[in-house]
Amino acid sequence: MDSIGDVLLAGPAVRAVARTARRVVLLAGPRGAAAARMLPGVDRVIEWCAPWVDPEPPAVNRADTDALCAAVRAERPDAALVLTSFHQSPLPLALLLRLAGVPWIGAVSVDYPGSLLDLRHRVPDGIPESERMLSLAGAAGYRLAPGDPGRLAVRGPLPDTTALTGPDGYVAMHVGASAPARALPVDLAAAAAARLCAEGIPVVVTAAAVDKAEAAAVAGAAGTDLAGRTDLAELAGVLSRASVLVAGNTGPAHLAAAVGTPVVSLFSPVVPASAWAPYGVRLRLLGDQGERCAGTRARICPVPGHPCLNSVSADEVVRAVYELAAPPGGGRGGAEDA
């Protein structure tokens with residue numbers, strides 16, 4: 001029910017369920033629905049905004065909840081798995097699913113669920129979010145297919161984005177994040193981009209339209225600015241052809257992981273990197289993970305000067321890019337044929 005990155009991290013659990021389930025219907029929030037439609041194994045997406053999850057929550061409304069229950073009831077599900085982040089309760093949604101007539105429900109829950117859950121699963125704190133959700137699927141009896149390594153993936157083929165970016169092998173930088181505390185610092189990104197461009201490395205800057213001014217500042221005179229010019233599938237295409245992505249803790253970092261692109265992650269410790277760092281790809285994690293903001297879940301940095309990320313230098317970013325730009329061996333990608 002959360003954002004793009006959360007949905008992508010659920011992908012291995014979804015594939016495990018899809019391996020033996022007759023049909024998989026994914027209930028997703030509006031911020032993650034586009035990613036839900038890209039997950040291998042998903043047959044249908046129901047979109048609904050959960051007032052206890054969305055950062056700009058709608059009012060709780062009887063008509064909206066009745067409509068959700070009716071939509072779920074129409075699918076006649078045999079079972080439901082509620083896939084949540086480590087800090088979220090599955091119980092509000094479990095209650096609505098019970099009212100919709102779902103006969104069996106499983107979730108990871110630290111809270112006593114009463115009759116809301118048939119499977120109350122527990123996992124250790126701080127494990128990767130993708131493994132957390134896959135563990136729930138396993139406890140419910142669903143397993144990945146033999147040979148599936150459990151990495152993130154999206155449906156292929158991806159759109160051809162050569163006309164937007166030019167030839168393959170550029171460095172991608174993503175500006176912005178759903179929470180400002182987790183975004184790539186603009187001044188740092190601009191300095192690193194200018195250095196890379198000066199050294200003959202093409203830089204492609206991606207961002208949502210709302211971050212257009214910041215993206216233009218990072219791209220400067222030499223980079224390619226794609227702010228607001230791609231949908232999610234096109235962004236996946238752009239990232240799949242990059243040698244490296246430089247980004248904060250944001251959905252496109254997980255999208256890069258889903259298409260097999262290494263990530264230089266400027267990671268603010270407001271949430272733990274052990275749970276939320278890009279999963280299953282080559283990674284360089286930058287940022288002071290011991291800063292005072294660690295574990296606060298703050299959306300806006302609570303420490304003046306945002307030192308956890310602003311302590312990183314452009315030289316460190318560029319060095320990390322060069323370390324990841326030539327992956328060992330052949331083979332790339334997590335895009336699956338549709």
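**Close-up views of a predicted model**

**View 1. Helices α4 and α5 pack against each other at an angle of about 60°.** In this predicted model, the axes of helix α4 (residues 62-75) and helix α5 (residues 91-99) are 8 Å apart. The angle makes α4 oblique to α5, and the crossing is right-handed. On the α4 side the contact is made by Thr-65, Leu-68, Cys-69, Val-72 and Arg-73. On the α5 side the residues are Leu-93, Leu-96, Leu-97 and Leu-99.

**View 2. Cys-69 of α4 takes part in the contact with α5 and is in no disulfide.** Cys-69 is buried, with a relative accessible area of 8%. How far away is the nearest cysteine sulfur? That sulfur belongs to Cys-49 and is 16 Å from Cys-69. A disulfide is a covalent bond between the sulfur atoms of two cysteines. The count of disulfides in the model comes to 0.

**View 3. Cys-301 has its closest cysteine sulfur in Cys-293.** Why is there no bond between Cys-301 and Cys-293? Their sulfur atoms are 5.4 Å apart, which is too far for a bond; a disulfide needs the two sulfurs within 2.5 Å. Cys-301 counts as partly exposed, at 22% relative accessibility.

**View 4. Six strands form an open sheet with parallel pairing.** The order across the sheet is β9-β8-β7-β10-β11-β12. The edge strands, β9 (224-225) and β12 (283-286), each pair on one side only. Helix α11 (residues 251-258) packs on this sheet and touches β7 (171-175), β10 (244-247) and β11. The direction of α11 makes about 165° with that of β10.

**View 5. Strand β10 pairs with β7 and with β11.** The pairing of β7 and β10 is parallel and runs over 3 bridges, with Val-171 standing opposite Val-244 of β10. β10 and β11 are also paired in the parallel sense over 3 bridges, and Val-246 has Val-264 of β11 as its bridge partner. In a regular strand the side chains alternate between the two faces of the sheet. Which residues of β10 point the same way as each other? Val-244 and Val-246 point one way, Leu-245 and Ala-247 point the other way, and all are buried. On towards the sheet edge, β11 (residues 263-266) pairs with β12 in the parallel sense over 4 bridges, and Ser-265 stands opposite Leu-285 in β12.

**View 6. Asn-249 sits in the loop between β10 and α11.** Is Asn-249 buried or exposed? It is buried, with a relative accessible area of 9%. Leaving aside neighbours within four places in sequence, Asn-249 is in contact with Ala-177, Arg-182, His-254, Leu-266, Phe-267, Val-271 and Trp-276.

**View 7. Helix α6 packs against several elements through its buried residues.** The buried residues of α6 (residues 129-139) are Glu-129, Ser-130, Arg-132, Met-133, Leu-136, Ala-137 and Gly-138. They pack against the helices α1 (4-9), α2 and α12 (273-276), and against the strands β3 (80-82), β4 (105-108) and β5 (119-121). After α6 comes Gly-141, which has a positive phi near 100°.

**View 8. Helix α2 is mostly covered.** How many of the 10 residues of α2 (residues 11-20) are buried? The number is 7: Gly-11, Pro-12, Ala-13, Val-14, Arg-15, Ala-16 and Val-17. α2 is one of the elements against which the buried residues of α6 pack.

Definitions and conventions
Residues numbered from 1 in each chain as written. Predicted model: local features only at pLDDT ≥ 70, side-chain atom pairs only at ≥ 80, totals over all residues. Heavy atoms only, no water. Pairing = 2+ DSSP bridges. Helix = DSSP H or I, 4+ residues; strand = E, 2+ residues; numbered from the N terminus. Contact = heavy atoms within 4.5 Å. Axes fitted to C-alpha atoms, helices over the stretch in contact; angles between N-to-C directions. Buried < 20%, exposed > 50% of the residue type's maximum accessible area, 1.4 Å probe, protein only. Parallel < 35°, antiparallel > 145°, perpendicular 65-115°, else oblique. Left-handed = near helix turned anticlockwise from the far one by under 90°.
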